[in-house]
Amino acid sequence: MLDETIITQAIIESYLNELIKNLKVDVIIAGAGPSGLVASKYLAEANLKTVIFERKLSIGGGMLGGGMMFNNIVVQDDAKRIMDEFNIKTQKYKENYYIADAIESVAKLTSKAIDAGVKIFNLISVEDVKIDSDFRVNGAVINWTSVEMAKLHVDPMTFESRCLVDTTGHDASVVNVVLKKIPNAKLNTPSGKIEGELSMNAEIGEKILLETTKEIYPGLYVAGMAANACSGGQRMGPIFGGMLLSGEKVAKIIIDKMK
Ligand code: 48H
């Protein structure tokens with residue numbers, strides 16, 4: 001005999017317990033694309049309590065769709081070791097070009113992050129940041145994506161963290177909120193504002209991404225496509241090595257700062 005009430009109670013109770021357990025963490029990551037997933041695994045392995053809030057139902061961001069829905073991705077030599085570390089199969093296509101299955105890549109990035117101790121909440125959007133009295137970012141203000149989509153007037157709730165990472169992709173949506181809502185916020189970019197992403201150049205875009213991955217505002221870090229969007233880096237199309245390396249780099253910066 002299966003009891004629907006027990007099934008419902010099991011879900012509600014365990015979910016609420018997970019939320020409560022993660023009210024105060026070391027690192028909150030906004031966005032479960034490739035850069036956020038990679039960053040989360042390394043952070044969790046360094047014993048930093050890490051949670052990801054992902055706006056969508058699906059995990060993986062732009063990686064899931066490969067290039068123009070041909071769901072293979074390309075990675076270059078520099079990032080092959082990260083693919084190996086996550087146990088993602090790669091096939092050499094030509095010197096310095098490897099291909100991998102986009103779905104396998106997302107599945108294994110996700111699975112390894114979870115195995116390392118990361119908690120991922122999907123269907124939740126980071127809509128604002130929490131700030132201390134010096135305007136340093138120290139948490140995320142979140143709401144159900146369905147509330148956001150329906151434009152309902154429902155107040156959000158707040159999760160506290162030692163720092164926040166914006167891996168929301170092209171939109172850099174958390175950094176945009178900071179600029180809009182924190183008076184005279186000056187970003188760690190040439191103009192102090194968002195420079196905007198540049199048109200396609202895979203070679204430059206991938207290289208510059210390691211420089212644009214950084215603490216962009218006190219307590220707020222940026223990695224992945226959001227990093228190039230903030231600092232005026234080129235887009236690079238469906239090559240994902242830079243996203244993996246950027247996730248690894250932001251984790252290293254945070255670990256060094258927090259240890
Ligand atoms: C919670 C949010 C919010 C929010 C968005 O776009 P992503 O895949 O991000 P990256 O930077 O890890 O990877 C970029 C890559 O996919 C890509 O687009 C490339 C390489 N483009 C090159 C080119 O030339 O176009 O994932 C971001 C994730 C998504 O899942 C969003 O749903 C999620 O973040 N997200 N989650 N709160 N406010 N905003």
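Three elements each put at least two residues into the shell around the ligand: helix α2 (34-45) and the strands β2 (50-54) and β7 (124-131). Of these, β7 gives the most, with three residues. The model here is a predicted one, and everything that follows is read from its atoms.

In total, 27 residues surround the ligand. Those that come nearest are Ser 35, Glu 54, Gly 62, Met 225 and Arg 235. Sorted by class, the shell turns out to be a mix of 13 polar, 10 nonpolar and four charged residues.

A few polar contacts can be picked out one by one. Arg 235, already listed among the nearest residues, has an N or O atom in its side chain that is 2.7 Å from an oxygen atom of the ligand. Gly 237 also pairs with a ligand oxygen, but through its backbone: an N or O atom there lies 2.8 Å away. Arg 55 uses its backbone too, with a polar atom 3.0 Å from a nitrogen atom of the ligand. So what does all this wrapping add up to in terms of surface? On its own the ligand would expose 790 Å², and the protein buries 93% of that area.

Next come the pockets. The ligand sits in the largest pocket, which has a volume of about 780 Å³. Its lining is made up of 33 residues, and nearest the centre of the pocket lie Gly 61, Gly 62, Thr 168, Gly 169 and His 170. Gly 62 is thus a name to look for twice, once among the residues nearest the ligand and once among those nearest the centre of this pocket.

Which elements build the walls here? At least two residues each come from α2, β2, β7 and α6 (173-181). Once again β7 gives the most, supplying three residues to the lining of the largest pocket. As for chemistry, that lining holds 14 nonpolar and 14 polar residues, plus five charged ones.

The second largest pocket contains about 320 Å³ of space. Its lining has 13 residues, with Gln 76, Asp 78, Asn 96, Glu 203 and Glu 206 lying nearest the centre. Two or more residues of this lining come from each of α3 (77-85), α7 (202-212) and α9 (241-258). Among the elements, α7 gives the most, with five residues. By class, the lining of the second largest pocket splits into five nonpolar, five charged and three polar residues.

Terms used. Residues numbered from 1 in each chain as written. Predicted model: local features only at pLDDT ≥ 70, side-chain atom pairs only at ≥ 80, totals over all residues. Heavy atoms only, no water. Near = heavy atom within 4 Å. Polar contact = N/O pair within 3.5 Å; in protein donor to acceptor, adjacent residues only side chain to side chain. Areas by Shrake-Rupley, 256 points an atom, 1.4 Å probe, with all protein chains shown as cover. 1 Å grid on protein atoms, 1.4 Å probe; cavity = no way out; pocket = protein on both sides within 12 Å on 5 of 7 lines; lining within 4 Å. Sits in = over half its atoms within 2 Å of the grid points. Helix = DSSP H or I, 4+ residues; strand = E, 2+ residues; numbered from the N terminus. Nonpolar A, V, L, I, M, F, W, Y, C, P; charged D, E, K, R; others polar. Points joined across faces, edges and corners; volume = space filled by probe spheres on them.
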